[in-house]
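Trainee: I would like a close look at one part of this protein. Please take one small sheet and then show what lies around it.

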Amino acid sequence: MSFSKFTQKDYDLINQEYEGLKEVAARRCRTDAEMALVQKAFEFANEAHKNVRRRSGEPYMLHPIAVARIVVENIGLGCKSICAAILHDVVEDTDFTIEDIRNLFGDKIASLVDGLTKIKTVLDNENRKDNHYKQVDTLQAENFKRILLTLNDDVRVVLIKLADRLHNCRTIEFMPEHKRDKVLSETMFIFIPLAHRLGLYEVKSEMENIWLKYKEPDAYREISQRIDESVVDKDKSIDEFIAPISAALTDAGFQFEIKKRIKTPYSVWNKMRTKNVEFEQVYDLYAVRIIFTPPADSKETERNQCYHIFSIITGIYKYQPSRVRDWVKHPKSNGYEALHCTLMSQIGIWIEVQIRSKRMDDIAEKGIAAHWAYKNEGYVGENDSEMDKWLAKVKEILVSPDVGALELLDIIHNDLVSSDIIVFTPKGEQKSIQKGATALDFAYLIHTHIGNKAIAAKVNMKLVPLSYVLHTGDQVEVITAQNARPKMEWLQFLVTRHARNIVIESFKDNRTEIAARGRQMYENEMSNNGIPKTKKNEQKILETAQIRDMDEFFFRLGLGIVKPGTIVKAIFPEVTPVASVKAEHFKVKADDPSGRKFVLASCCNPIPGDPILGFRTPDGVVTIHKKSCSVAGSMASKYGDMVVIPEWDMSDGNQAFPVRISLRGIDKVGLLNSISHYISEVLGVNMRKVYMGSEDGIFEGYIELLVHDKEVLDSIIQNLGRIDGIQKIVRTDI
């Protein structure tokens, strides 16, 4: 922030933006008194932020106005939340206090502003002096715990914070690069999954695209361009696809609207990366959304009306049975309901069709706020408890006294990004459980006593071990024995935190004996690897294991939850020290002292030309990751103040870096010779490993190369793609 006297142009800009906010706020404010309260909040904040500017040079007041507008348009909150959004930076950035807000705007708005002020205080760590990991543990990881603790008080605080984060992402170009990477990593690790869990599709999608734009700029530009070209090429065809559907639904008496949707650049990039497919193979690039308004006097349920529409449109076009997704009967854990199917169009492309009622669409776009709005209006659906169950689970984790801040961060992150499956009891009762859960996890879901006494299970009438991984639709019966009790080996395959905690708790009476065994394992591991038992090394071990003290570490080591290898990993981090890569290969920007040792992270193997960021450790080593590396994202969300921004020095082309390219295509005689000849003879690039397999005329494999930089790699991929028979060639992780 900076200070300089506003001009008339500044005042005009503020008033213009506020007029836009007033227009949308009028849709949510129910009375003139509520609109007057919004006006009062604006006038108060506008005066408080007078002559204050953002990094962009614009009046600071534009930020709270923009946040308030997101709160209305993207999230659908009401008057008090709008006021809190307008006021959210006043207490932090000016001399006014929460008591001033309370006296002027009442308890509820003051409470919301107080929650937002506390979140901002703990997130804004730019001026922190001590960069030791322990300090970060007690500060940055605690930040997210405090954010999530507001769910116990009023989830609107988190919703407004998401709006604040979205606007900060929209204006992220004005941040210094090291701060930008910290914010984007936090956004990907916590805020995007949180938006997803709370059902805020618009907020989530926009954050994802901004993340991609700055983390993988080349991929963002290329995919955006290809999407734009495809839209121009196929737009008329989509309209022709919609026309007979629209006519048939009109004839059937439905009141509806049909919207076209194109997959976002991030969504396409993520699918290409996770499914290892080319752009052309993302066949759900196009989607058509049918949103119907049920007649007030209709005796048909919304679910049955979805099925009715499905039967009409699949009578017009052929559909792909494997691509039907019935989230009407089995909603997602964030409350999402819709019926998806994929139809073959007249021009031979697959188009996804999403069928929703108006209520389902509101909840899909605006999430929890719309869910509550319908509940307040008296609508009670069979799926309304899913969101409440998740909130209750989060609150249970938050109040647990034995969960450290860093451990909590990973628990919440894993929960946010995990998906659920539907399984059934022997009596046909539907249960939702985490994807990847075992039969024993299911037993503990039913009841602690059943889990503790479990010895086996029957899944779909077939006897299976307790470690059996469940799948959607499984019917599960747990077999128990009176003399059975929890076993330590269960901790090796249990997935849900609820079940693991119960089993750990069951061994508390043997804690001394188990901890002693863990201590002996620790002593052996330290001795075998020549690691001195110093306080500094103990701290590194606790940080890696994300455990608060050594007594708890010994107990978990003795239980087998923590592996002995954690000790070596903590002292000798799993990065690839590139002794042959000199420090001159990197230039470090002014936010970090020079003359440091650099190592390349083995998790993502960056090469010159890749967008990179580094992490500075207390001993002065900087580990280099690709910006889009998930490990880097996790670290930056916890240790944001250790982020530095190195730059590749491209002047020395003698150093070679390991990369892997994966290939697939039609097997032909001499194909491997053509590939190896081009790489070795034409380009003079060293191949250090080659694997190729062929089955039924299709070959698939990979080649590991040593290249000087990304430009060389891109050239290799482009030219190999021209060899007859190669259908797909992409860079993949080693």
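Trainee: How many bridges join strand β10 to β11, and do the two run parallel or antiparallel?

Mentor: This is a predicted model, in which local features need pLDDT of at least 70 and side-chain atom pairs count only at pLDDT 80 or more, while totals for chains, interfaces and linings use all residues. Residues are numbered from 1 along each chain as its sequence is written, and side-chain values use heavy atoms, with hydrogens and water left out.

Strand β10 (residues 454-459) is joined to β11 by 3 bridges, and the two run antiparallel. Here strands (E, at least two residues) and helices (H or I, at least four) are DSSP runs, numbered from the N terminus, and two strands pair if DSSP finds at least two bridges between them. Opposite Val459 stands Lys462, in β11.

These strands belong to an open sheet of 3 strands, in the order β11-β10-β12, with antiparallel pairing. Its edges are β11 (462-464) and β12 (476-480), each of which pairs on one side only. From one strand to the next, the twist averages 30 degrees; such angles run from 0 to 180 degrees between N-to-C directions, along axes fitted to C-alpha atoms (for helices, over the stretch in contact).

The sheet also helps to cover a helix. In α19 (residues 439-446), 6 of the 8 residues are buried, so the helix is largely enclosed by the rest of the structure. Buried means under 20% relative accessible area, exposed means over 50%, and partly exposed is in between (1.4 Å probe, protein chains only). The buried residues of α19 are Ala439, Leu440, Asp441, Phe442, Ala443 and Tyr444. Their cover includes β10 and β12, along with β8 (420-424), β9 (430-434), α20 (448-452) and α21 (497-506); contact means heavy atoms within 4.5 Å.

Now the nonpolar cores, each a set of buried Ala, Val, Leu, Ile, Met, Phe, Trp, Tyr and Cys residues joined through side-chain atoms within 4.5 Å. The largest has 104 residues, and Leu87 and Ile101 have the most contacts inside it. Val459 of our sheet belongs elsewhere: a second, separate core of 43 residues includes Val459, Leu494, Tyr522 and Met550. In soluble globular proteins, nonpolar side chains tend to be buried together.

Back in the largest core, Leu87 touches Ala41, Phe44, Ala45, Ile101, Phe105, Ile109 and Val113, leaving aside residues up to four places away in sequence. Two of these neighbours, Ile101 and Phe105, are buried residues of helix α6 (residues 98-105), together with Ile98. The three cover an arc of only 60 degrees around the axis (taken from the directions from the helix axis to the C-beta atoms), which puts them on the same side of α6. After α6 comes Gly106, whose phi is positive, near 95 degrees.

For another open sheet, look at the 4 strands in the order β20-β21-β19-β22, again with antiparallel pairing. Its edge strands are β20 (686-695) and β22 (726-732), and its twist averages 15 degrees from one strand to the next. In it, β19 (residues 657-666) pairs with β22 over 6 bridges, and Leu663 has Ile729 as its bridge partner.

As background, the protein has 28 helices and 22 strands. Of its 734 residues, 51% count as buried.
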